[in-house]
Amino acid sequence: MKHDISLRSDTIYFQHICDEVNFLLTASKNLTYEVLLQDPILQRAIIRSLEVMGEASRNLSPDGKCTYPEIPW
């Protein structure tokens, strides 16, 4: 039963990571460094996305991390 719970939690964490990656790809499409420097709201949004991904990765179970061994968790 515990294994099932961790797999369901991992699914949620992986979804959070994918959502943030998709946001970052969309938000940065055609974005220049100069424009980013002039947009503090976008800067904060990008930083928050990175935080969400970090928190989600930290909470993945060892089994979940083994699903993608090529990633240096």
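Me: What makes the largest nonpolar core of this structure, and which residues belong to it?

Reply: In this predicted model, the largest nonpolar core has eight residues: Phe14, Ile17, Leu24, Leu42, Ile46, Met53, Ala56 and Leu60. Such a set is called a core because its members are buried and joined through side-chain atoms within 4.5 Å. Helices α1 and α3 each supply at least two residues of this core, and the largest share, four residues, comes from α3. In soluble globular proteins, nonpolar side chains tend to be buried together.

Me: Why is Phe14, a member of this core, called buried?

Reply: The relative accessible area of Phe14 is 19%. Buried means under 20%, and therefore Phe14 counts as buried.

Me: Which residues is Ile17 in contact with, leaving aside its neighbours within four places in sequence?

Reply: Ile17 is in contact with Met53, Ala56, Ser57 and Leu60, its neighbours within four places in sequence being left aside. Contact here means that heavy atoms lie within 4.5 Å.

Me: Is Ser49 buried or exposed, and how do you know?

Reply: Ser49 has a relative accessibility of 3%. The limit for a buried residue is under 20%, so Ser49 counts as buried. Its place is in helix α3, residues 40-59. Beyond its neighbours within four places in sequence, Ser49 is in contact with Glu20, Phe23 and Leu24.

Me: Why is the pair of Phe14 and Tyr68 called edge-to-face or stacked?

Reply: The search of the whole structure finds two aromatic pairs. In the pair of Phe14 and Tyr68, the ring centres are 5.3 Å apart and the planes stand at 70°. Rings pair if their centres lie within 6.5 Å, and planes over 60 degrees apart count as edge-to-face. Both conditions are met, so the pair of Phe14 and Tyr68 is edge-to-face.

Me: What parts does this pair tie together?

Reply: Phe14 lies in helix α1 (residues 2-28) and Tyr68 in the segment after α4 (62-66), so the pair ties together parts that are 54 residues apart in sequence. Ring pairs also link Phe14, Tyr68 and Trp73 into a cluster.

Me: How do you know that Tyr68 is partly exposed?

Reply: Tyr68 has a relative accessible area of 35%. Buried means under 20% and exposed over 50%, with partly exposed in between; Tyr68 is therefore partly exposed. Together with Ile71 and Trp73, Tyr68 makes a nonpolar surface patch of about 270 Å².

Me: Why is the meeting of Arg48 and Glu51 called a salt bridge?

Reply: The side chains of Arg48 and Glu51 meet at 3.2 Å, N to O. A salt bridge requires such atoms within 4 Å, so the name applies to Arg48 and Glu51. Both residues lie in helix α3, three residues apart, about one turn of the helix. Arg48 is partly exposed at 42% relative accessible area, and Glu51 is partly exposed at 39%.

Me: What makes a network of Arg48, Glu51 and Glu55?

Reply: Glu55 also forms a salt bridge with Arg48, the closest N and O atoms being 3.7 Å apart. Glu55, at 33% relative accessibility, counts as partly exposed. Salt bridges that share partners join Arg48, Glu51 and Glu55 into one network. The structure holds two salt bridges.

Me: Where does Leu37 lie, and why is it called partly exposed?

Reply: Leu37 lies in helix α2, residues 33-37. Its relative accessible area is 46%, and exposed means over 50% while buried means under 20%; Leu37 is therefore partly exposed. Leu37 and Asp63 are 26 residues apart in sequence and 39 Å apart in space, C-alpha to C-alpha.

Key. Residues numbered from 1 in each chain as written. Predicted model: local features only at pLDDT ≥ 70, side-chain atom pairs only at ≥ 80, totals over all residues. Heavy atoms only, no water. Phe/Tyr/Trp six-rings, centres within 6.5 Å; stacked < 30°, edge-to-face > 60°. Buried < 20%, exposed > 50% of the residue type's maximum accessible area, 1.4 Å probe, protein only. Patch = residues over 30% accessible without salt bridge, like charges linked within 9 Å, V, L, I, M, F, W, Y side chains within 5 Å. Areas by Shrake-Rupley, 256 points an atom, 1.4 Å probe, with all protein chains shown as cover.
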